[in-house]
Amino acid sequence: MEKNLVYTGKTKNVYALDNGNYLLQFKDDCTGKDGVFDPGENSIGLTIDGVGDVNLRMSIYFFEKINAAGINTHYVSADLGNTTMEVLPAKVFGHGLEVICRHKAVGSFIRRYGEYIEEGADLPAYVETTFKNDEKGDPLVTKDALVALGVMTEAQYDDIKDMTQKITRIVADDLMEKGMVLYDIKFEYGYDADGNVMLIDEIASGNMRVYKDGQYVDPMTLSKLFFA
C-alpha cells in the first residue's frame, strides 16, 4: 500500500494511506529535558531504544479493549514489526486539545488548588481540558469556553467527558490487577466526518501517572511491569 508522509511529530510520524486511512510510525524519541524523560515537556529530550515498541504494544492492548467495550477510537490495526498503527481519519478539536482524567490530586492540579485539597487526595474521575499550546503552557479551557469558541458542541463535550471516565476506569482496573494505582491520565480526541467523537493518538505509559506501593513508577518501568 502506498504511503505519503504528511506530518513529522515529536514521537510519531504520520503517513497518508491510499485507502483513506493514516499510518502512525512510533519513534524512540521521548519528550524531556537535559536527557531526563518527562511526559509533560514539549521538546524532545532523549532517545530510548524500544520505547516506540512498548508505546505501540500498550496502545494496541488498550485500543482493542476499548473498541470491544463499544467506545469509538481511531484504531484499525497495528504492525509491531514496523512499529506502525493504522488509524481512521479524524479531525482534531481546535488546534489540538488534551483531556485529563484525575483520580488523585497531584501535579498541576495540586499546584493550582493546593489550598483546598491535600496532595494525593481522591478525586471523582475529575475531567479537565487544556489547549495544546506550548507557548501558553497548555491553558485550561472550560466546557462553556469550548462551545463559545466553536471548538466543539455541548454534545461533543459531554461525549468526551463520558468516554474519558469510562476509558480511565478500564485502564485503572487493569493497572489495579497488577498492583498499581492510576493517579491521572491524558487523552486526545478527534471527530469523524459526521461529528462523532473518537479517541485518537496513543494510550501509552508516558501519558499516565502511576504509583506502586506509594512510589511513582516511571514510564519505562511501568511498561516493563505491565507486560511482565
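**Figure 1. Tyr-191 and its ring partner Phe-93 in the predicted model.** Tyr-191 has a relative accessible area of 22% and is therefore partly exposed, since the partly exposed class runs between 20% and 50%. In this predicted model, Tyr-191 and Phe-93 form a tilted aromatic pair, with 4.9 Å between centres and 40° between planes. The two rings come from distant parts of the chain, 98 residues apart. Phe-93 is in the loop between strand E9 (91–92) and strand E10 (97–104), while Tyr-191 belongs to strand E13. Phe-93 is buried, because its relative accessible area of 1% is under the 20% limit.

**Figure 2. The aromatic cluster of Tyr-61, Phe-62, Phe-226 and Phe-227.** The model has 11 aromatic pairs. One of them joins Tyr-61 and Phe-62 edge-to-face, at 5.1 Å centre to centre and 85° between the planes. A pair of aromatic rings is described by the distance of the centres and the angle of the planes. Tyr-61 is partly exposed, at 30% relative accessibility, whereas Phe-62 is buried, at 1%. Both rings belong to one cluster with Phe-226 and Phe-227. Phe-226 also has the charged end of Lys-178 over its ring, 4.7 Å from the centre.

**Figure 3. Lys-3 over the face of Tyr-15.** Lys-3 lies 4.4 Å from the centre of the Tyr-15 ring. As a second case of a lysine over a ring, Lys-178 sits over Phe-226.

**Figure 4. Helix H1, residues 51–68.** H1 has 18 residues and spans 26 Å from first to last C-alpha, close to the expected 26 Å at 1.5 Å a residue. Its buried residues include Val-51, Val-54, Asn-55, Leu-56, Ile-60, Phe-63 and Ile-66. An α-helix has 3.6 residues a turn, so residues three or four places apart point the same way. Just after H1, Gly-70 takes a positive phi of about 85°.

**Figure 5. Met-58 of helix H1 and Ser-223.** Met-58 counts as buried because its relative accessibility is 1%, under the 20% limit. The C-alpha atoms of Met-58 and Ser-223 are separated by 7.6 Å, with the two residues 165 apart along the chain. Ser-59, which follows in H1, is also listed as buried.

**Figure 6. Thr-83 and Asp-201, two non-glycine residues with positive phi.** Thr-83 has a phi of about 55° and lies in the loop between strand E7 (75–79) and strand E8 (84–87). At 18% relative accessibility Thr-83 counts as buried, because the limit is 20%. Asp-201 has a phi of about 70° and is found in the loop between strand E14 (197–200) and strand E15 (208–212).

**Figure 7. The largest cavity and its lining.** The count comes to one cavity of 30 Å³ or more, and the largest cavity has a volume of about 40 Å³. Its lining residues are Glu-98, Lys-186, Phe-187, Glu-188, Asp-201, Glu-202 and Asn-207. Strand E13 (residues 181–191) gives the largest share of this lining, three residues. By class, the lining has five charged residues, one polar and one nonpolar. Asp-201, one of the lining residues, is the residue with a positive phi of about 70° shown in Figure 6.

Technical notes. Residues are numbered from 1 along each chain as its sequence is written. This is a predicted model: local features need pLDDT of at least 70, side-chain atom pairs count only at pLDDT 80 or more; totals for chains, interfaces and linings use all residues. Side-chain values use heavy atoms; hydrogens and water are left out. On a 1 Å grid over the protein atoms alone, a cavity is a set of points where a 1.4 Å probe fits but cannot get out, and a pocket is an open set with protein on both sides within 12 Å along at least five of seven lines; lining residues have an atom within 4 Å of a point. Grid points are joined across faces, edges and corners, and a volume is the space filled by probe spheres set on the points. Helices (H or I, at least four residues) and strands (E, at least two) are DSSP runs, numbered from the N terminus. Ala, Val, Leu, Ile, Met, Phe, Trp, Tyr, Cys and Pro count as nonpolar, Asp, Glu, Lys and Arg as charged, and the others, Gly among them, as polar. Rings of Phe, Tyr and Trp (its six-membered ring) pair if their centres lie within 6.5 Å; planes under 30 degrees apart count as stacked, over 60 as edge-to-face and the rest as tilted. Buried means under 20% relative accessible area, exposed over 50%, partly exposed in between (1.4 Å probe, protein chains only). A charge sits over a ring if NZ of Lys or CZ of Arg is within 6 Å of the ring centre and within 35 degrees of the ring normal. The expected span of a helix is 1.5 Å times one less than its number of residues.
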